[in-house]
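Reader: I am new to this structure and would like a close look at a single part of it. Could you take me through one strand slowly, and then turn to the ligand?

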Amino acid sequence: MKKKYSIFSLVKNSLSDNQNWKKMWRNPEPRKFYDVIIVGGGGHGLGTAYYLAKEHGLKNIAVIEKGWLGGGNTGRNTTIIRSNYLWDESAHLYEHSLKLWENLSSELNYNIMFSQRGVLNLAHNEHDVKEIRRRVSANKLNGIDSEWVDPKQIKKLVPIMNTENCRYPVLGASYQPRAGVARHDAVAWGYAMRADELGVDIIQNCEVKKIRTAKGKVQGVETSKGFIRSNRVGVVASGHTSVLAATARIKLPLQSKALQALVSEPIKPVINTVVMSNAVHAYVSQSDKGELVIGAGTDGYNSYTQRGGYNIIEDTIRAIVELYPIFGKMKMLRQWGGIVDITPDASPILSKCEVEGLGQDSP
Ligand SMILES: Cc1cc2nc3c(=O)[nH]c(=O)nc-3n(C[C@H](O)[C@H](O)[C@H](O)COP(=O)(O)OP(=O)(O)OC[C@H]3O[C@@H](n4cnc5c(N)ncnc54)[C@H](O)[C@@H]3O)c2cc1C
């Protein structure tokens, strides 16, 4: 039964000190066999389970998560949602995804706070200008909203930006108006709640140690709660995709690196779009609470630590202060990292593989 969130349920529960909200999903013990096992309880794993149950009518599905739901990159990212990618395959995938985002709150009857406030991708040199203009044209050919904006238009969109007196002056940008941000935990919680209602078993604090195979076929997964049998296993374990694939003797062309983000103290609204700069590795948006949400670059080496090097955030902060001098006196409240699996062309691996019954989604 769909749990309804409405003004009436808010009032009713506030009268009992919010003590009587129903649990959003069950906490079942794993069964011995599932038709499908998804490894990884992030947005992708939970979304996959939800759509398998809803669109494909599968009944016996488990999502197995080694920690807590959304504790991976889903709850660590800077929440930017866009579809202005260059390559046709990526562009279509991300555009389909953006269309899902546009309807996700009502699909899940859960407010994921999706805000289409647009994204600017800045160009700081002639190479950037050529590359970004090419991307704008490719996006247009793929039916994706994207336009080239000059520094004057950028200043109109983001008056606090210093476009001229800096080491990397701003020469223009691509602008995708339908891009935006969402509340990242809500995405995991919303999918989890609705997948649970469709009968999906969500099993937390259960680590998959090995994908068991025999004669080229998947047999199931060995976990910290014992062996669970299944002929179909989907690995959606961002940051550990290649580690898990290796247990089924599959070598993936992935580099796993720490990517960092930071959040500032809250201030009044000063920036109402998302601004990304690949050249100086600084992304910024302002959350509904008023905090600046800042994305940095990746470490230059592989690792599995959810932190990252100090020099990376120093570089990012330097770039942010140059681009937005008014942030110079602000305090940062939190900093964290997540492990991203990076493919050589930065496009996801989304496929079946040589082991029958095994699928990978490595975003
Ligand atoms: C700092 C940072 C900023 C980012 N910013 C953006 C952004 O602005 N926009 C954007 O689109 N993307 C961004 N990303 C990338 C984005 O967060 C990821 O692409 C996305 O969250 C991946 O979702 P997922 O469900 O595949 O992975 P995750 O959310 O990482 O879920 C994978 C889950 O698998 C679990 N797991 C791993 N190994 C095992 C195992 N052996 N057994 C059981 N469970 C296991 C993990 O605990 C984890 O919960 C960012 C990433 C980081 C780190």
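Author: What follows looks at strand 4 and its partners, and then at the ligand. This is a predicted model, in which local features need pLDDT of at least 70 and side-chain atom pairs count only at pLDDT 80 or more, while totals for chains, interfaces and linings use all residues. Residues are numbered from 1 along each chain as its sequence is written.

Strand 4 covers residues 119-123; strands (E, at least two residues) and helices (H or I, at least four) are DSSP runs, numbered from the N terminus. Of its 5 residues, 5 are buried, where buried asks for 20 or more other C-beta atoms within 10 Å of a residue's own, with C-beta atoms placed from the backbone. In a regular strand the side chains alternate between the two faces of the sheet. Here both faces are covered, with Val-119, Asn-121 and Ala-123 on one side and Leu-120 and Leu-122 on the other.

Strand 4 pairs with strand 6 (residues 172-176) in the antiparallel sense over 5 bridges, pairing being called when DSSP finds at least two bridges between two strands; within strand 6, Ser-174 is the bridge partner of Asn-121. With strand 14 (residues 274-277), strand 4 pairs in the parallel sense over 3 bridges, and Val-119 stands opposite Val-274 there.

As for the ligand, 35 residues surround it, and the closest are Gly-40, Gly-42, Gly-72, Ser-238 and Gly-338; a residue counts here if its C-beta atom, placed from the backbone, lies within 6 Å. Helix 2 (43-56), strand 13 (255-266) and strand 17 (332-342) each give two or more residues to this shell.

Terms used
A residue is buried if 20 or more other C-beta atoms lie within 10 Å of its own, exposed if 12 or fewer, and partly exposed in between; C-beta atoms are placed from the backbone.
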